[in-house]
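Here are a few exercises to help you find your way around a new structure. Try each one by eye, then read the solution step by step.

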Amino acid sequence: MNKHTLVILTVSVLLLCIPHIFLPPSGLSENGWKALFVFAVAVLWWISGVVPVAVTSILAMILLPLFGILPLRKALSFFGNSATFFILGVFILISAFNRSGLSTRIALKILRKLGKDPTRLALGLYFITMFLSFWMVAYAVVAMIFPIVLRILDNCKENNGYSKALLMALLWGAVTGGSATLLGGARGPLAVAMLEEFTGRSISFLKWFLCTLPVVAVLGLIGAFMLTLLTRRHRVDLALVERQLESNLRDLGPMSNREKLIGLVMMGAVVSWMVFGAAVGIATVTITAVVIMFLLGLSDWKEVEEDVNWGVVFMYGGAIALGYALNSTGLSKWLVTTFFTGISSPMLILLTIVLVSLILTELMSNSAVVAFTLPVIITLHGVSNLPPEVLTLAVVVPSGMAMMLPMSTPTVAIVLSSGMIETKDTVKYGAVMILCGAVMAWLAATFYWPKIF
């Protein structure tokens, strides 16, 4: 055990002793007082990264019944939340999509067509990454395309500035596109599950897309403009890159029947999420698509075991249980009353939410940001007259805009692992993107989202 871990554990033990020594403040129940310090320990572990996010969620789930805040049966019941099955189903679909080579084929074909000019190649990489992140977890898209980008960079080593621009295109495209639908990351389904648990209301797949599309579109154009400025002054001979892309495509061979069928199932799933998701539930659509994949022999369970992030089950269960405890004990309402007293303007409330989410997402995983802030923020709908769906989006959309620090998302960490770009570069250029994204999210939350809900 290193010194950092020992310090975190010591502070955690001291925090958990406080509610057993001191009486709760006025207006807060005994269980709410206990839940406050369980919550504080979970936040400390999320921020410090002393253990994976999923392990922190398991800790929260253990502490809730141990402190008498929730019965064990109730705490464990959150493992069966529909959002858990939705995101697991998505991971299984993505596994087949990637293993078949279809996703790589799509990326290579687009890059080959646009790879004759340095700026067009960067923009092609940016937009194909963004589009794929609409339908796949963003960091999975980066992990898939990253080896292709490295092969391209091998032929551009003499121009470090252009190499940085290509890596920024990969990073920005994935992060921007990952906010468009519920498929871009775990934070979206987690937020919808919490919204349903706390308010009985929900956001359909189609409504989510309609809400986020203007923000993603404008931020996408801003990113394209910045990439154009970064690349147009570079003169790079892309003849070798073009030959490399052609070689990679030849290695894939002709499109297989598996790729064609997987493409059809994926398109069917996307259409069904939009058309039937609100009526039957997106989890039902997803699991149906997974069953069809196996019936057609398109998925292999051994591949699924290797590709699926099983820790997401524990992350979801613990995060939703903790959020439920914050609401059921009255802690969320007490925190809102304590910290938002005197802020009556909905515009100012939304600006505060957006900025807090944006700052926190650079310090911890975006799913942790949602688990940390959403139970409290949703309570604001009772005092601000803002729809809970708007408050949910005001947390989730900015929390998905992490583009600067490696602890925020695997996407940044993967790009930095290339060794051709440094944290100071991702901070320098990413700061402009996330500030633009914050402005767009705030404007959407103030003027656009309330009209939808």
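**Exercise 1: Ser367 and its helix**

With a relative accessible area of 8%, Ser367 is buried. Keep in mind that you're looking at a predicted model.

Task: work out which helix holds Ser367, and which residues Ser367 touches beyond four places in sequence.

Solution:
- Start with the helix: Ser367 lies in α19.
- Check burial next: the cut-off for buried is under 20%, and Ser367 comes in at 8%.
- Now look around the side chain: leaving out residues up to four places away in sequence, Ser367 touches Ala186, Arg187, Leu190 and Met315.

**Exercise 2: α19 and its partner α2**

Task: describe how α2 and α19 pack, using the angle and the distance between their axes.

Solution:
- Find the two helices: α2 covers residues 30-48 and α19 covers residues 366-378.
- Take the numbers: the axes are 11 Å apart and the packing angle is about 160 degrees.
- Turn the angle into words: over 145 degrees counts as roughly antiparallel, so α2 is roughly antiparallel to α19.
- Add the hand: this crossing is left-handed.
- Finish with the residues: α2 brings Phe39, Val43 and Trp46 to the contact, while α19 brings Ala368, Ala371 and Phe372.

**Exercise 3: α21 against α23**

Task: do the same for α21 and α23, then say which residues meet.

Solution:
- Locate them: α21 runs over residues 388-399 and α23 over residues 423-452.
- Read off the geometry: their axes come within 10 Å and cross at roughly 155 degrees.
- That makes α21 roughly antiparallel to α23.
- The crossing of α21 and α23 is right-handed.
- On the α21 side you'll find Val390, Leu393, Ala394, Val397 and Pro398, and they meet Ala441, Ala445, Trp449 and Pro450 of α23.

**Exercise 4: Val395, buried or exposed?**

Task: decide whether Val395 is buried or exposed, and list what Val395 touches.

Solution:
- Place the residue: Val395 sits in α21.
- Val395 has a relative accessible area of 0%, so it is buried.
- Its contacts, not counting residues up to four places away in sequence, are Ile353, Ser357, Val370, Thr373, Leu374 and Ile377.
- For a long jump, try Leu298: it is 97 residues from Val395 in sequence, and their C-alpha atoms are 37 Å apart.

**Exercise 5: Far in sequence, what about in space?**

Task: find how many Å separate the C-alpha atoms of Leu210 and Trp449.

Solution:
- Leu210 belongs to α11, residues 205-231.
- Leu210 is partly exposed, at 42% relative accessibility.
- Along the chain, Leu210 and Trp449 are 239 residues apart, yet 9.2 Å separates their C-alpha atoms.

**Exercise 6: An enclosed helix**

Task: work out how many residues of α9 are buried, then look at Thr411.

Solution:
- Helix α9, residues 160-177, has 18 residues and spans 26 Å from first C-alpha to last, close to the 26 Å expected.
- Of those 18 residues, 15 are buried, so α9 is largely enclosed by the rest of the structure.
- Thr411 is in α22, residues 410-416, and is buried with a relative accessible area of 1%.
- Among the residues Thr411 touches are Leu171, Ala174 and Val175.

**Exercise 7: Counting disulfides**

Task: how many disulfides does the structure hold?

Solution:
- The count is zero.
- Compare two cysteines: Cys211 is buried at 0%, whereas Cys436 is partly exposed at 23%.

Terms used:
Residues are numbered from 1 along each chain as its sequence is written. This is a predicted model: local features need pLDDT of at least 70, side-chain atom pairs count only at pLDDT 80 or more; totals for chains, interfaces and linings use all residues. Side-chain values use heavy atoms; hydrogens and water are left out. Helices (H or I, at least four residues) and strands (E, at least two) are DSSP runs, numbered from the N terminus. Buried means under 20% relative accessible area, exposed over 50%, partly exposed in between (1.4 Å probe, protein chains only). Contact means heavy atoms within 4.5 Å. The expected span of a helix is 1.5 Å times one less than its number of residues. A disulfide is a pair of cysteine sulfur atoms within 2.5 Å. Axes are lines fitted to C-alpha atoms, for helices over the stretch in contact, and angles run from 0 to 180 degrees between N-to-C directions. Angles under 35 degrees count as roughly parallel, over 145 as roughly antiparallel, 65 to 115 as roughly perpendicular and the rest as oblique. A crossing is left-handed if the near helix is turned anticlockwise from the far one by less than a right angle, and right-handed if clockwise.
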